[in-house]
Amino acid sequence: MTLIEDTKTKQYEKPDFSKFENKAATAPAYFSVYDLHAYYGESYIVQGVSFTVHEGEILALLGRNGAGKTSTLRAIARLDSPQATHGEIWLDHKHLHTMNSHQAAIAGIQLVPEDRRIIPGLTVEENLQLAQIIEPIGWSLERVYELFPRLGERRKQEGVTLSGGEQQMLAIARALCRDIKVLLLDEPYEGLAPVIVDEIEKTLNIIKEQGITTVIVEQNAIRALMLADRAVILDTGTVVFDGTAQDVLDNEALRAEYLAI
Ligand SMILES: Nc1ncnc2c1ncn2[C@@H]1O[C@H](COP(=O)(O)OP(=O)(O)OP(=O)(O)O)[C@@H](O)[C@H]1O
Ligand SMILES: [Mg+2]
């Protein structure tokens, strides 16, 4: 069945993922997205996105404004909107495409959204503790404070009163408090001074050393490419490049065409 037919017949409202097998790779990669399609209502946004990520790798998911980066992350995290209608998402031999967002989180996916979602009225520590209410839990508070000493110093401060950089650290820390396998970061450097970006970049490298896999979406493509092992570039909801981060840094024409840098 083609997607055009899907749209006409509205069958996309009742996706049936059960018929899919693992076509994501000949040997399943640690984390793979295969032919993912997703809609906001009638708007067809994620148009057949596929990529694979190895365990412990950092993948930069790049593209111009409106290319579909946030939508792709949300579809992977199995949020209701956009609604994924077709495709496969595999993490460590588990099929996320049959799961809801809660089940996907338990399977090890954590999305840190652009707006960071720090909970008002709660201290830094309470924000972290909230992430540890449901099993399986991940890093201890001590381990988190070791990685982010600033959060330890401010543990009694209300989370939403932190600086932008500290709030980003809290959002990442909260993801680590879950038993995480894949960290999905949407614009983690947005609005932050270069010195804070340096600090966050350092922590992302430490997180990588712990074996956690990261997908980073970032407008600051150069910084993301310097951090990442590999890069996928999206344009109007489809993959237009998949290769090493260095390939993108070296390819001026590619950057000019799809990243405007
Ligand atoms: N809730 C929504 N309802 C309808 N369309 C949406 C919704 N959210 C996003 N879109 C559309 O989907 C397309 C992709 O948006 P998305 O936010 O995924 O892009 P992006 O690559 O993250 O862009 P940016 O770099 O600006 O964050 C855009 O055309 C956008 O207008
Ligand atoms: Mg976005």
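Helix α2 provides the largest share of the shell around ligand 1, three residues. This is a predicted model, in which local features need pLDDT of at least 70, side-chain atom pairs count only at pLDDT 80 or more, and totals for chains, interfaces and linings use all residues. Residues are numbered from 1 along each chain as its sequence is written, while chains are lettered from A and ligands numbered from 1 in the order in which they are written.

**Around ligand 1**
- The ligand is surrounded by 13 residues (each with its C-beta atom, placed from the backbone, within 6 Å of it), and the closest are Y40, N65, K69, T70 and S71.
- At least two shell residues come from each of β2 (43-53) and α2 (69-76); helices (H or I, at least four residues) and strands (E, at least two) are DSSP runs numbered from the N terminus.
- By type, the shell holds three nonpolar residues (Ala, Val, Leu, Ile, Met, Phe, Trp, Tyr, Cys or Pro), one charged (Asp, Glu, Lys or Arg) and nine polar (the others, Gly among them).

**Strand β8**
- Five of the five residues of β8 (213-217) are buried (20 or more other C-beta atoms, placed from the backbone, within 10 Å of their own).
- T213, V215 and V217 point one way, T214 and I216 the other.
- In a regular strand, side chains alternate between the two faces of the sheet.

**Neighbours of β8**
- Strand β3 (58-62) runs parallel to β8 and is joined to β8 by four bridges; I58 has T214 as its bridge partner.
- Strand β7 (182-186) is also parallel to β8, with five bridges, and D186 partners V217.
- From β7 the chain passes through helix α8 (194-209) to β8 in a right-handed β-α-β crossover (clockwise from first strand over helix to second, with the strands pointing away from the viewer).

Key
Buried ≥ 20, exposed ≤ 12 C-beta atoms within 10 Å, placed from the backbone. Pairing = 2+ DSSP bridges.
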